[in-house]
Every structure is written in C-alpha cells, then in structure tokens.
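Here is a walk through a two-chain model, written for someone who would rather think at the bench than at the screen. Have the structure open and follow along.

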Amino acid sequence: MSEYLAGRAQMGTSLAFHIVFASLGVGLPLLLLIVEGLAYRRKDETWRLLARRWSKAFGILFAIGAVSGTVLSFELGLLWPGFMKYAGSVIGLPFSLEGFAFFTEAIFLGLYLYGWDRLSPLAHWLCTIPLAVSGAASAWFVTTANSWMNSPTGFKLQDGVVSDVRPIEAIFNPGTPIETAHTMISAYVATGFAVAAVYAVGLLRGRRGLIYRRALTVGMLMGIVATPLQIITGDINARWVADYQPAKLAAMEGQFQTEKGAPLRIGGIPNPGAGRTDFAIEIPAGLSFLAYGDPGAVVKGLQDFPAGTTPNPVMVHISFQLMVAIGFGLLALSAWFLGAWIAARRQSKSGRRVFPGAVTVHSRALLLAIGAAGFAGFAAVELGWMVTELGRQPWVIYGVVRTSQAITPAPGLVWSFVISTAIYVGLAVALVGLLLRLAAGTRGGGEAEIAAEEAA
Amino acid sequence: MSATQADYLVAGVLWIAVVIYACFAGADFGGGVWDLFARGPRKEAQRRAVSRAMGPVWEANHVWLIFLITGLFTSFPPAFVRLAVGLYLPFSLALLGIVLRGAAFAFRAHGAPEQRTTTPWGLAFGAASIMTPFVLGACAGAVAAGDVPANPSPSFDALVGVWTTPFCLVCGGLALSICAGLAAAYLTVEASDAGDSALAEDFRRRALLAGAVTLVLAIVTLPLLTTEAPGLWTGLTTRGLPLVIMAVVFAAAAGGAMYSRHYRLARLAAPAQVAAILLGWAVAQAPYLVPPDLTVDNSASPPEVMTALLIAYVAGAAVLFPSLLLLFRVFKGQNPAAA
Ligand code: HDD
Ligand code: HEM
Ligand code: HEM
C-alpha cells in the first residue's frame, strides 16, 4: 500500500467512523426532545424512563463522537497540509462557527446527563432544545465545507496564493443548499430506523411491554417522515451533480460513452477496462430525463473528459445504486408499517385506540424488516459519502487542487493507517459490547424500574 | 481597525483559548493522573471524586481545543500547516491519548458500575491522561525553541528528534505536573465542600507534591531556556518580566494557601499562575507564532477572513459564556446537592 493510498484510507476510515456518531448526535436529541416532552406534558413515567435510558446511551455515543471529531480536525492538517494551506482561510469560518455549536452541545449535554436530579423537570426538558438545534447546526456547518470542496467559490487562487476571499460566499457555495439538506435529513432517517430497529429486535426476542411499542413507534415515525424528504432531496442532489460535477455523474451512472438519450442503469458493475457497465438493467433515455428533464439530452461519458480528471466509477456506481435502493426500500417499509397500522385501526372496534407500534407485535416479518432497516439507514449514509468523496477524485478541491498534491510528506502513513484502524475497530467492539450490556440491564417494560424509582 | 490590529486580536483570542484549555481541560487530564495513582484507604473515594468532578464538564472543556485548532487553521493557515507537518508524530500521539482518555472515561462513567476501576479502561484512562499533556507540553517546547522545521526531511529521526530534546522533555514534564497540580487543587475544594476533610487532605498532599515537582522542573528549565530558546529568554527577561513575576507570586500564593488549607484561595491562585506563565510566553515570543520565521502578520489570512472571524467570535461568545456560566453554576457552585 502506498503512502498516498494509506492517507486516503485513513481519512476515509476516520470519517466513516465519525459519521455514525455525528448522525446520532443530530437525530437522538430530537427524539429526546419528543419523548421527554411527552413525559413532561402527560406526567408519564414510561416516556420519562425511555428518555432516561436513551440519555445514558447518548452520553457514551456523544463522547465517542467528540473524540473522533477531534481526530478529524487534526487530520485535516496532519494528512492534508496541501489542502489546508488553501482551504483554511477560505472555508475555515464554518469550522470555527461549528466550534460554537459544539460548545453549546457539550454544555447542554453536561446539564442534561448530570442534571436529572438538579434541574426542574421543565428546565431539564428545555435542555433538549439547544441540544437538537446545535447538533443540526454543527452538521450544517461541516457539510457546507464539504460542499465547498465540491463546488469551490468565494476566493481567487493565483500562483499558489489565495486572495480576494469572500467567506460568506464560500459558505453559501452552489452546492450548499442541497447537500446540507440531504445530509441533515439523512441523520434523522438513520437514527429513526436504528432506534426502531433496537426495539424491533427486542420484540422479536419475545420482550413485551409498553415501552417497546412506544420506542419503536417514535423511531419509525421519525424515519417515516424523513424518508420521502430524503428521496426528494436526493433527486435534486443528483441533478445538481449533473450540472456542476458531470464527471461524478458519469461515474455514478456508469456512463462511459457520451450519449444522447442515455439510459438509466439499474444495478450493474462498471468495467473500466472494457469501457462499459455490465449486467445493468437499462431504462431507455431514463438518465437523460432524470438528470436534465429531457429524454433527448446528451450525457457526457467518462471517456470524453480529459485524461486524469475522472474518478474510478466502480465503487461510485455501486455505492450510488445501493444508496438509492435503500432509499426506496425504506420508503416501502414506511408504507408497509403505515398500512398495517391503518388496517389494524379499521379492524379494531374502538377505532383510535390502536397504537402504531402495537401492530408490529403480531408480524414477525414486519419486525424483521424494521430490524434490517436499522442497519440499512446507516449503510445508506456511508454509501452516500462514498459517492460524494470517491466521486470527487482525483480532486480534493474540485477542479482546483488534486488530492495527490495535498498529502503530507510525513513518513509512516501506512503504520498510522493500520494503527488508527485497529483503534477504531477496538472502540467499535467495546462500544457495542457496552451498549448491549446497558440494554441487558434494562430489559422489560420498565414497570419494575418505575416502581423502584418511585419507592426511592 | 487596521489589518494588523485584527490579526493580533484574533491571535489574542486564540491564545486565551490556550489558557482556558490549559486551566480547565488540563485539570481534567490531571484528574486522570490522580485516578491512576489513587492510593491509600480512600482510594475509591479519590476516584469517585475525580469522576464526579469531570463528568459534567470535561466535554465542554475539551471543545476549547477544537476551537483553537479550527481558529488556527482559519486565521493562520501557514502556522497550522507548519505545526501539523513538523509535529506529525507527537500530535498523532496526543490524538491517541485524547481518543483513549475520552472513550475510557465515558465507558466507565456510563457503563456497568461494578467494574469501574479495575477494567483495562481504567488503566487506559490514566495512561492517556499522562501521555497527552506530556506530549503537548513537549510540542510547546519545540515551538518555543524555534525547532519546528519548515521542510522536515521525511525520516523517522526527524519525526522523533524535534520534540524529544532535553528542553522539550522538561517542558512535557512541566505541563504534566502543572495539570496534576491544578486537578489536585480543584479537588481539595470539591472534597471539602462535600464535607470530606480526610479526602481533601489526600488531595492537599498531592497538590503540594505536584507543586514541588513543578518548582524543580521550572528551575531546570531556566538555564535550558538561555541556550535552547535564547529569543524567548530575552523576551521573558524584558517585555515578559512583569508576567514572569506574577507567575512567581501566584505560584507562591498557591503553595502557601494550599499548605495552610485555604483551599478556595489556592483554587484561584493555581490557574492564575498557569495563565501568567502562558501569557508571559506569548508576550515574550511576539510577534512570532511559530519561530523562527512565522509571525502573526506574515501568516495571517486575508483581512476579510479575520474580520468575519472576529464577528463570529463576538456572536458566538454571546451564546457561549452564558451557557458556560450556567453549567458551572449548576455543577460547581455552592450547591448543597453537590455532595
Ligand atoms: C439515509 C441515507 C440516505 C438515503 C436513503 C439516500 N441518500 Fe443520498 N446521500 C446520503 C444519504 C442518503 C448522504 C450520506 O447523506 C450523502 C453524502 C453526501 C451528501 O450530501 O449526502 C448522500 C449523497 C448523495 C448524492 C451525491 C451528492 C454529491 O456528491 O454532491 C446523490 C446524487 C444522492 N445522495 C442522491 C440520492 C438519491 C437519488 C436517493 C434516492 C433514493 C438517495 N440519495 C437516498
Ligand atoms: C462524515 C462523512 C464522510 C465520509 C464517510 C467521508 C468519506 C471520505 C473518504 C472515503 C475519503 C477518501 C476518498 C479518496 O481519497 O478516495 C475522504 C476524503 C476526504 N474527505 Fe470526506 N467524507 C465525509 C465527510 C467529509 C466532510 C464533511 C469533509 C469536509 C471538510 C470531508 C473532507 C475530506 C477530505 C479533506 C478528504 C481528503 C482528500 C480527498 O481524498 O479528496 N469529508 N472522505
Ligand atoms: C457530514 C459529516 C459530519 C457531520 C454531520 C458531523 C456532525 C457532528 C456532530 C453532530 C457532532 C457532535 C458530537 C456528537 O453528537 O457525537 C460532531 C462532533 C465533532 N465533529 Fe463532526 N461531523 C461531520 C464531519 C466532521 C468533519 C469532517 C470534521 C472535521 C474536520 C468534524 C469535526 C468534529 C469535531 C471536532 C467534533 C467534536 C465536537 C465536540 O467535542 O463536541 N466532523 N460532528
């Protein structure tokens, strides 16, 4: 493995690790806001217990998110000095603003986690608002930086010197609105289905109790609301890519030749050697229509870009296909869940009494699908980032700075990659073990815990 | 405001972040040191005190480092790049420490209570709490000595040599003993507020020990400064002299107050001493950010960036400081429930 490849692999691993905690850091506070809000409004101990359990897990997850994020901010310089010497002044501002979001998050998290007995119930619930807002804000800020890497604006670069910097223009670069929207929504999609999945597995293993049905319902509802938005923003995102990063589009779609009325390829494996995509189902003129709104539009193929300016399409195409497949899969699951609920309501004599999560109890298939959706949501997040990051290659700043020019001259990157990956794997294993143990300690519907708490 | 003034203002804000990080997060690292070396009949009580003191605040304290890094790469990119390239290895080690320390703390604090201290995580927590301040202190030494190379030769000797000179190692030790001293000083107050005077006594002895080590290391540093960092030495004995004197006074006050069990006074004097040392360093080294050649002026981002950043800092401070105040009032104030 070359030093350059090791550097890229280390960056990718660190980001892929961090995004899991970052997504949960955006999604979980909103769920806490809802659940603890219900507990407060209705003076309901089950909702309250749910919030308490989640807050424990959130405490651990946030700490891992914070340290893995710190690694990233150093790595920008440790691995990519040739990127930061240009990007620092142009796009540092959103990172600095993100710093304030982190402060807010960390401060209110401290109050939230350790304040159950020190703050009034109302004050405690109110802490979830800054948590949810600052989590979303930090995701927004950092994504603007990534979007700037895709569509850099707001500066001049001449003879290696950056000048005429317009930081606000850099933050609001052409990609910002759509990339930030698609990314932030993905955090709610992934968190929602993941939370529902945890309780679906519990129900599958025969656990019963109100708390399971409620937790599953809240998670599902968040995922169900976010999923259509995710697909709509994804469609806009793809059309944006077609306009601003045509080589990435060609890679996403496995489009090697320039073509009028290009087909939409579903599935398939790009074969760069042969210059075509094998095994794909082709929908005639579908790509031209989706990307440019005109079935006769010309789509530029990878072979017609100047040599050395296109990404390797294999991973990009496959990742994109899987992300889209998961998106529609989650949509189908949403319809299934809602359909089952509506059917159950029709059947029950008392009408409104059926709680959405209750319908799952009788359907193993639905529970299994929800369990799988918990993984699929995060898989889609990771795959989407592979599309964005691998699809931008060979550029780190699209059309301006090549990734190969940005890498550090320091030796030993292979070692650094191996060691850091080992640490991430170790942390992940320890974390999962710990969360499982936490969950094992809180089995049951919570009735016993509530009684114990009331007695105390 | 002229461009130069804006540059110095931003540099000043960042240096204040260094001071706050050292005084608060430094103490969190120090807490890890005392966790590792918990001894005697009140071993478990010592560890509980550390964990209770750090729990609600360590993440907020940690953000000062992120604030500093992002601020540095926004406003002085050449300085950031120079440090990241020249100090690649020690920064990677510090990161390793930061990750292990944070993960270990969270796993222990929120994990299964029955095996809080005996697990490998307990060891990782302590060991990482020692490594991180030591390595960062050594990096500070390399910067102060003007040794961070502009174009390091890509060899392991260059990676290691820069920050392992005797001067850097002493700086590392100094950083570690200062962190340990801060932690012990803060913990005396928390223990005596909780009414546990025996525990306060434990931490008093530890604070005095750390203070003595700091004193010895500081005395060793002085002659090294004259040869390893002559520029800094000149600065410290001229422009920086008032701050050096203040540092000595605060150090004496902290030691005296701790000895005579005036814990609250010691809790103020100890960080004041750290602030005086760090500010003295900054004043003595100005206008250099990374000697021998990178100054505040020649590495600053374009003026539009500095202005935008200053506006962001003012707006951010309006959110940050009230929230921080709330956090520390709820958990560190004279709150009877704090026991
Ligand atoms: C829950 C996760 C999820 C789901 C279900 C989808 N996406 Fe996505 N997608 C992401 C999560 C994601 C992401 C991880 O959040 C990315 C990475 C960068 C970004 O902006 O969002 C992304 C990137 C991304 C990009 C690349 C943008 C770029 O490189 O600038 C495109 C074109 C799409 N998506 C399109 C879609 C479409 C058409 C979907 C239809 C089903 C879809 N995504 C579902
Ligand atoms: C968190 C989700 C993200 C994931 C999973 C991710 C993934 C990756 C991967 C796989 C690479 C290696 C690509 C290659 O070299 O072939 C990479 C590179 C990189 N990413 Fe991201 N990325 C994410 C978000 C971001 C964001 C928000 C930024 C914004 C600053 C960013 C900045 C970079 C940089 C600077 C590189 C190195 C240069 C390059 O390879 O182009 N990434 N990322
Ligand atoms: C799109 C990708 C990213 C998203 C959505 C995101 C979002 C978040 C969120 C929500 C947190 C809060 C911690 C938590 O809740 O667990 C966080 C932490 C952090 N992130 Fe990211 N992040 C992303 C990528 C990055 C990148 C590329 C960097 C750095 C270059 C970064 C730097 C940090 C830092 C330093 C922290 C720690 C903050 C603390 O101590 O509280 N993040 N991130």
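## Charges on the two chains

Chain B carries 19 positive and 17 negative side chains, and the centres of those two sets sit 12 Å apart. Chain A has 33 positive and 26 negative side chains, with 11 Å between the two centres. Keep in mind that this is a predicted model.

## Chain B as a whole

In chain B you'll find 14 helices and two strands. Its radius of gyration is 20 Å, which agrees with the value near 20 Å that a compact globule of 339 residues would have. If you drew a box around the C-alpha atoms of chain B along the principal axes, it would be roughly 55 × 45 × 40 Å.

Buried residues make up 56% of the 339 in chain B. Take the chain B contacts between residues at least 6 apart in sequence: 81% of them link residues at least 24 apart. The surface that chain B leaves accessible is about 13400 Å², and carbon and sulfur atoms own 72% of that.

## Chain A as a whole

Chain A is built with 15 helices and 10 strands. Its radius of gyration comes to 24 Å, close to the 23 Å from the globule rule for 456 residues, so chain A is as compact as a globular protein of that length. The box around the C-alpha atoms of chain A, again along the principal axes, is roughly 70 × 50 × 40 Å.

Of the 456 residues in chain A, 58% are buried. For contacts in chain A between residues at least 6 apart in sequence, 77% bring together residues at least 24 apart. Chain A exposes about 18400 Å², with 67% coming from carbon and sulfur atoms.

## Two iron atoms, one protein donor each

Which residue of the protein reaches the iron atom of ligand 3? The single protein donor there is H18(A), through NE2, at 2.1 Å. If you want to find H18(A) in the fold, look in helix α1 of chain A, residues 3-42.

The iron atom of ligand 2 also has a short list: its only protein donor is E389(A), through OE, at 2.1 Å. E389(A) belongs to helix α12 of chain A, which covers residues 364-392.

## F80(B), a phenylalanine touching both chains

F80(B) is part of helix α4 of chain B, residues 77-86. Is F80(B) buried or exposed? With a relative accessibility of 5%, F80(B) falls under the 20% cut-off, so F80(B) counts as buried.

What does F80(B) touch, once residues up to four places away in sequence are set aside? From chain A, the partners are S73(A), F74(A), G77(A) and M84(A). From chain B, they are I69(B), L72(B) and F73(B). A104(B) is another story: it comes 24 residues away from F80(B) along the chain, and their C-alpha atoms are 29 Å apart.

## R204(B), a buried arginine

Helix α9 of chain B, residues 197-228, holds R204(B). This arginine has a relative accessible area of 9%, so R204(B) is buried. Skip the neighbours within four places in sequence, and R204(B) is in contact with T188(B), M258(B), Y259(B), R261(B) and Y263(B).

## Backbone oddities

Chain B has a couple of cis peptide bonds to look up. The bond from A286(B) to P287(B) is cis, with omega near 5°, and P287(B) is in the loop between α12 (263-285) and β1 (288-290). P291(B) and P292(B) are also joined by a cis peptide bond, with omega at about 10°. P292(B) sits in the loop that runs between β1 and β2 (294-295).

Over in chain A, K43(A) has a positive phi, near 50°, although it isn't a glycine. K43(A) lies in the loop between α1 and α2 (45-79), and its relative accessibility of 64% makes K43(A) exposed. D164(A) is another residue other than glycine with a positive phi, near 50°. You'll find D164(A) in the loop between β2 (161-163) and α6 (167-171) of chain A. How accessible is D164(A)? At 33% relative accessibility, D164(A) counts as partly exposed.

Notes
Residues numbered from 1 in each chain as written. Chains lettered and ligands numbered in written order. Predicted model: local features only at pLDDT ≥ 70, side-chain atom pairs only at ≥ 80, totals over all residues. Heavy atoms only, no water. Helix = DSSP H or I, 4+ residues; strand = E, 2+ residues; numbered from the N terminus. Rg over C-alpha atoms; globule rule 2.2 N^0.38 Å. Buried < 20%, exposed > 50% of the residue type's maximum accessible area, 1.4 Å probe, protein only. Contact = heavy atoms within 4.5 Å. Areas by Shrake-Rupley, 256 points an atom, 1.4 Å probe, with all protein chains shown as cover. Lys, Arg positive; Asp, Glu negative; His and termini not counted. Charge placed at Lys NZ, Arg CZ, Asp CG, Glu CD. Donors = N, O, S within 2.8 Å, 3.2 Å for Na, K, Ca; no water.
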